Amino acid sequence: MKVRHIILVCSSILALASCNYLDYDETSGLNTREDIYKYFEKTKQMLTHVYTYMPQDFGTIGGAMRDAACDDAEYGATGGIIQDMTNGNWSSIKTRDDSWTLYEGIRAANEFLQSLQDVDLSRYEYNPNYDNWMKQLALFPYEARVLRADYFFELARRYGDIAMPLATLTTEEANTIGKTSFEEVISFIVSECEDAAKNLPATYVGQPNNETGRITKGFAMAVKSKALLYAASKLHNPSNNTAKWEASAKAAYDIIKTNLYQLDPNEKANNNTSPEVILFRMNGNSAVFERNNFPIRFTEGTRTTPATATFPSQNLVDAFQTINGYSVTLTDTGWECEDPEFNPQNPYANRDPRFARTVLANGMEFKSSEIAVYKGGTDYTSVSEGGSPTGYFLRKYIQESTSFEPDKTVTNKHHWIIYRYAETLLTYAESMVMAFNNPKYTNADFPQSAEWALNEVRKNAGMPTVSITDPTEFTKALQNEWRVEFAFEDHRFWDVRRWQIAENTQKELYGVNIERAADGKLDFQRVLYKSRTWHQRMYLYPIPQNELFKNKNLNPQNTGW
């Protein structure tokens, strides 16, 4: 099978000055709009610019990953702005994770789509590149429409009802546009992606230039699937209309049926050859992520700001089973696990293989050294001095070969996963059990069961399969699978919201305290690191107050804000 993933190269082509959330100057330097769209390469650069708004999370919120605003992690800097999202100080004035700039990407797409209609390259008819240019131009509008649809989705999952401009607007128009309902936004996204999927290629291998940096049929289908999953979830489907779940299941199964993608047992993060990843965002060489998140002794004194790292929580660690499929829980008095092979003195060994790809824990090897976070260990220090507040360090996305040694510095590229095939399978599993209330249910339209889809992901991870007949218990197992499979890939923060379980999961964040006796025996105790604040209003973001001042038609503010 050929690899059909897409690598999104982040290279900003134009510097655009924004004067409000939907208005910017489309000129750059000596390039006017008319100049740009007279030439193929400049036209293509404008499309590349639309790509650059694709979200990623290598430290989106003041250096912290978004997972530090949920129960999977804590940000070490006690004064970091992400703390407002968990301590009750989040507000329409202190928006913190303000993604309103996605409207700049939407405007860029609208301007591109509008201008593309007037592109005339017929004067180059005898240029040897002309036929290739025309083939690419025919695909450009579908790429831009999928990107715009994805940006609308990102806004809708944050704010619910949103403004949905489909043309470039004047300042006056931008400041009077009203909201479109969440349901209508999802319908538009679905329609756009369906049309694009019919016209985009499955791969650009064999297309002009054999490019691997563009939107494909697969990603168009993925955006549709993701949008329908959120539309079916409890937050937006409180009556549990099973027709919405069936629509979500069908969208996921349509991807499965293409046979374009396959699960990959190898690490997907930073692996731009993985056949599982449908869309990457690729960045240039950097050591910033490692400088912020390495255990501090490996930063060779280059990290001057203490504890600017995202630290996994005990809450997350407890989600990873043993390799034999048994639950493991750290209590106030020690470890609890029914696996006869579990060793409470070496509790991080023989766990779900995904654990070692996600978390650095006591006793694990890193850069030819053993991590030691027990009291007095080489990685035990105060939070203010760069130590871990939870007793764990981040492993996901970390490039171990990065080095800060003087005269031996090493930097690496970091590829952010935007969508991969495992998400399709878990979407299918969730949608099927919610639609038919039976983990084993199949029919002519859905010949695979929810149980099958869940077990495909577990088998790929090296975990034993499960057979759970009770739909409630199956759903619990499935939600846990979402958590461990996609830890630190920007899922958990959104999942607890769409499932509306946050009031039960987001109030207490735990870590581990490890004492080492003179004989080397370790004593593990769960510790409550922080009590957090959760309000029902936090299921959606607040609309930024400055936008409400500019445009009263964006009222009403989201409930509770």
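The turns below go through pockets, cavities and selected residues of a predicted model.

Me: Which helix gives the largest share of the lining of the largest pocket, and how many residues does that helix supply?
Reply: In this predicted model, the largest pocket holds about 510 Å³ of space and is lined by 27 residues, with Asp318, Ala319, Ser327, Asn480 and Arg483 lying nearest its centre. Strand E9, helix H14 (450-460), helix H15 (471-485), helix H17 (502-505) and strand E16 (508-516) each supply at least two residues of that lining. The largest share comes from H15, with 4 residues.

Me: How do the residues that line the largest pocket divide into nonpolar, polar and charged?
Reply: The lining to be divided is made up of 27 residues, and the five that lie nearest the centre are Asp318, Ala319, Ser327, Asn480 and Arg483. Taken by class, the lining residues of this pocket come to 7 nonpolar, 11 polar and 9 charged.

Me: Strand E9 supplies residues to the lining of the largest pocket; which residue in E10 is the bridge partner of threonine 329?
Reply: Strand E9 covers residues 328-331 and strand E10 covers residues 334-337, and the two pair in the antiparallel sense over 4 bridges. A hairpin through 2 residues connects E9 to E10. Within this pairing, the partner of threonine 329 in E10 is glutamate 336.

Me: What is the volume of the largest cavity, and which residues lie nearest its centre?
Reply: The model has 7 cavities of 30 Å³ or more, and the lining of the largest cavity draws at least two residues from each of helix H5 (130-159), helix H8 (217-232) and strand E15 (415-420). By class, that lining has 9 nonpolar, 2 polar and 9 charged residues. The volume of the largest cavity is about 220 Å³, and of its 20 lining residues those nearest the centre are Glu154, Arg157, Lys226, Trp416 and Ile418.

Me: How many charged residues are in the lining of the second largest cavity?
Reply: The second largest cavity has a volume of about 50 Å³, and its lining consists of Ala69, Cys70, Met85, Thr86, Gln506, Arg532, Thr533, Trp534 and Met538. Sorted by class, this lining has 5 nonpolar and 3 polar residues, and the number of charged residues is 1.

Me: Is glutamine 506 buried or exposed, and what is its relative accessible area?
Reply: Glutamine 506 lies in the loop between H17 and E16, and beyond four places in sequence it touches Ala69, Cys70, Asp71, Val496, Arg532 and Trp534. The C-alpha atom of glutamine 506 is separated by 7.7 Å from that of threonine 533, although the two residues are 27 residues apart along the chain. Because the cut-off for buried is under 20%, glutamine 506 counts as buried, with a relative accessible area of 6%.

Me: With which residue does the side chain of glutamine 506 make a polar contact?
Reply: The partner is found in helix H17 and counts as buried at 18% relative accessibility. Leaving aside neighbours within four places in sequence, this partner is in contact with Asp71, Arg492 and Val496. The polar contact joins two side chains at 2.6 Å, and the residue that meets glutamine 506 in this way is threonine 505.

Me: Phenylalanine 488 and asparagine 259 have a positive phi; which of them is buried, and which is exposed?
Reply: Asparagine 259, with phi near 55 degrees, has its place in the loop between helix H9 (242-258) and strand E7 (277-282), whereas phenylalanine 488, with phi near 60 degrees, lies in the loop between H15 and helix H16 (492-498). The relative accessible area of asparagine 259 is 54%, so this residue is exposed. The corresponding value is 0% for the buried residue, phenylalanine 488.

Me: Which residue does a cis peptide bond join to proline 556?
Reply: Proline 556 has its place in the segment after helix H18 (545-550). The omega angle of the cis peptide bond is about 5 degrees, and the residue joined to proline 556 by that bond is asparagine 555.

Terms used
Residues are numbered from 1 along each chain as its sequence is written. This is a predicted model: local features need pLDDT of at least 70, side-chain atom pairs count only at pLDDT 80 or more; totals for chains, interfaces and linings use all residues. Side-chain values use heavy atoms; hydrogens and water are left out. Two strands pair if DSSP finds at least two bridges between them. On a 1 Å grid over the protein atoms alone, a cavity is a set of points where a 1.4 Å probe fits but cannot get out, and a pocket is an open set with protein on both sides within 12 Å along at least five of seven lines; lining residues have an atom within 4 Å of a point. Grid points are joined across faces, edges and corners, and a volume is the space filled by probe spheres set on the points. Ala, Val, Leu, Ile, Met, Phe, Trp, Tyr, Cys and Pro count as nonpolar, Asp, Glu, Lys and Arg as charged, and the others, Gly among them, as polar. Buried means under 20% relative accessible area, exposed over 50%, partly exposed in between (1.4 Å probe, protein chains only). Contact means heavy atoms within 4.5 Å. A polar contact is a pair of N or O atoms within 3.5 Å; within protein, one must be able to donate a hydrogen and the other to accept it, and residues adjacent in sequence count only if both atoms are side-chain atoms.
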